[in-house]
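Welcome! Take a moment to look over the chain before we walk through it together.

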Amino acid sequence: RVLFRSFPVVVAGRPDIDSSVNSVYGDEDEGARALANHLTDLGHRQVAVFQPPQQTSPILHRRTEIMRAQLTARGVHAHVVSTPSPERAREAYARLAAHVTAVMCPNDRYAAATLLESRTSTRPLSITGFDGVGGLASALINITTWRQPIAHIGSNAVERLLHLIT
């Protein structure tokens with residue numbers, strides 16, 4: 001935090017937990033709500049939300065809290081499953097109630113880990129991620145995700161940094 005007081009700093013791609021830090025990011029709340037609405041519109045009524053603890057990732061925790069709230073507002077039963085990391089998806093998957101038909105993940109890494117875990121199951125399960133960047137954005141992986149506007153975030157971050165420098 002001391003660095004941004006001495007030098008121009010802009011965080012790109014995520015909101016910073018310190019509101020005094022300049023950050024540029026996509027509409028996290030809109031993305032979370034849109035994914036929840038998508039699953040609801042498909043007819044899912046029992047949805048698990050894999051949620052990292054607040055202390056592990058405040059941003060991902062908040063994102064999944066928005067997902068949970070939107071599902072609940074739409075009359076869907078949201079099953080919150082504490083999942084501290086993508087590597088713990090196996091444990092989270094094992095804890096899913098039998099009537100859950102979809103899993104909302106805080107990002108694409110969690111979604112890919114959940115998809116990997118579900119590959120040996122005959123249980124049909126819809127899985128959503130969040131970010132849509134990098135190799136996990138491939139259609140080959142078959143994850144429904146909210147794609148972050150990376151080009152827009154990047155150009156706005158550069159503009160903001162240039163403004164801070166001047």
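Here are a few questions and answers about how this chain is put together.

This is a predicted model, in which local features need pLDDT of at least 70 and side-chain atom pairs count only at pLDDT 80 or more, while totals for chains, interfaces and linings use all residues. Residues are numbered from 1 along each chain as its sequence is written, and side-chain values use heavy atoms, leaving out hydrogens and water.

Q: Which helix gives the most residues to the largest nonpolar core?
A: A nonpolar core is a set of buried Ala, Val, Leu, Ile, Met, Phe, Trp, Tyr and Cys residues joined through side-chain atoms within 4.5 Å, where buried means under 20% relative accessible area with a 1.4 Å probe, protein chains only. The largest one here has 16 residues. Strand E3 (46-51), helix H4 (89-94) and helix H5 (108-118) each supply at least two of them (helices, of at least four residues, and strands, of at least two, are DSSP runs numbered from the N terminus). With three residues, the top contributor is H5.

Q: How many residues of H5 are buried?
A: H5 is mostly covered, and E3 and H4 are among the elements that cover its buried residues. Tyr-110 and Thr-114 are among these buried residues. Out of eleven, the number buried is eight.

Q: Which residue of E4 is the bridge partner of Val-47?
A: E3 and strand E4 (residues 77-82) run parallel, joined by six bridges (strands pair if DSSP finds at least two). In E4, the partner of Val-47 is Ala-78.

How values were computed:
Buried < 20%, exposed > 50% of the residue type's maximum accessible area, 1.4 Å probe, protein only. Contact = heavy atoms within 4.5 Å.
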